[in-house]
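Dear colleague,

I am handing over the structure below, and after it I set out what was found, beginning with a pocket and then turning to a set of strands. Please read the notes alongside the coordinates.

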Amino acid sequence: MYRALLLAILLVLVGPPATAGGELPPLTNTGAPSISGTAREGEVLRAHPGRWTPQRAETRYRWLRGGEPVARARERSYRLTALDVGTHVSVEVRVRADGYAWTAAVSETTSRIDYRTPVRRTVTYDVTTRGRITTSVATFKRQAQETYGDARGWRAGGIAFRQVGRGGDFTLVLAEASTLPSFGAECSTYWSCRVGRFVVINQDRWKFASPAWNQARAGLRDYRHLVVNHETGHWLGHGHAGCPGAGRPAPVMMQQSKGLDGCRFNPWPTPAER
């Protein structure tokens, strides 16, 4: 502490030290930046810039999720979103002073960001296939679990999904298109479906999405979120829904694969559906 104080006095008296090439010297960070607040979706975190020598004249902030910058998150405070759940957040602080270059320091990360809603119900599921599968089953399992664990999905309503080896509450099936009718008359070779305890994802739709979705360039990964959420929603007891109004996000239980009726593509349950 005394060394930092003496350095600050010296800098005031004689100014910043010269550097090769005439470049401005950096400030000295004598106390790391930090974060206060609760590590939970919806809560607000606040950055503390730490201590610097000489005294900082200008300060800027940039929030990081898993070490990567969060888009448009450059204020001193940051409200945690569903995208932060399951990750660790930190903040980069950049400061400058007259005669000194911009200098950066990064805080320690928060604890793992938690869900806004506690678990109210846990359901188990097992995964199987039917027919000839020409895509990665490991990727199917992983991405389905990512969908189930995403804070924008059914988990937002307090439902937790846990994969088991066999005997789950329901079975998630990746099925060759031609095998879909074998699950029941309500299943076609073109779409995915749910019959009893089987949540069946049509391999063609998993691999290629749907014409309406592709025409809107909504992205294959989001379509996979949609189809898993939609068919699992049927297993949870939800029926089909219509568009609530032009320009609004479509309910996940709307048959978005076929069209939107003026709504916007949306792969996640709306608040009214949770």
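In this predicted model, helix α5 gives the most to the lining of the largest pocket, with 6 residues. That helix spans residues 220–235, and together with strand β13, which covers 193–195, it belongs to the elements that each supply at least two residues of the lining. The lining as a whole comprises 19 residues, and those that lie nearest the centre of the pocket are Trp191, Ser192, His230, Glu231 and Gln255. Sorted by class, the lining residues are 7 nonpolar, 8 polar and 4 charged, and the space that lies in this pocket comes to about 330 Å³.

The other part concerns strand β3, residues 44–48, whose two faces are not alike: Leu45 and Ala47 make up the covered face, while Val44, Arg46 and His48 make up the uncovered one. Strand β3 pairs with strand β2, residues 34–36, in the antiparallel sense over 3 bridges, and within that pairing Ala47, from the covered face of β3, is the bridge partner of Ile35. Strand β3 is also joined by 3 bridges to strand β7, residues 77–79, and these two strands likewise run antiparallel. Here the bridge partner of Arg46, a residue of the uncovered face, is Ser77 in β7.

With regards

Conventions:
Residues numbered from 1 in each chain as written. Predicted model: local features only at pLDDT ≥ 70, side-chain atom pairs only at ≥ 80, totals over all residues. Heavy atoms only, no water. 1 Å grid on protein atoms, 1.4 Å probe; cavity = no way out; pocket = protein on both sides within 12 Å on 5 of 7 lines; lining within 4 Å. Points joined across faces, edges and corners; volume = space filled by probe spheres on them. Helix = DSSP H or I, 4+ residues; strand = E, 2+ residues; numbered from the N terminus. Nonpolar A, V, L, I, M, F, W, Y, C, P; charged D, E, K, R; others polar. Buried < 20%, exposed > 50% of the residue type's maximum accessible area, 1.4 Å probe, protein only. Pairing = 2+ DSSP bridges.
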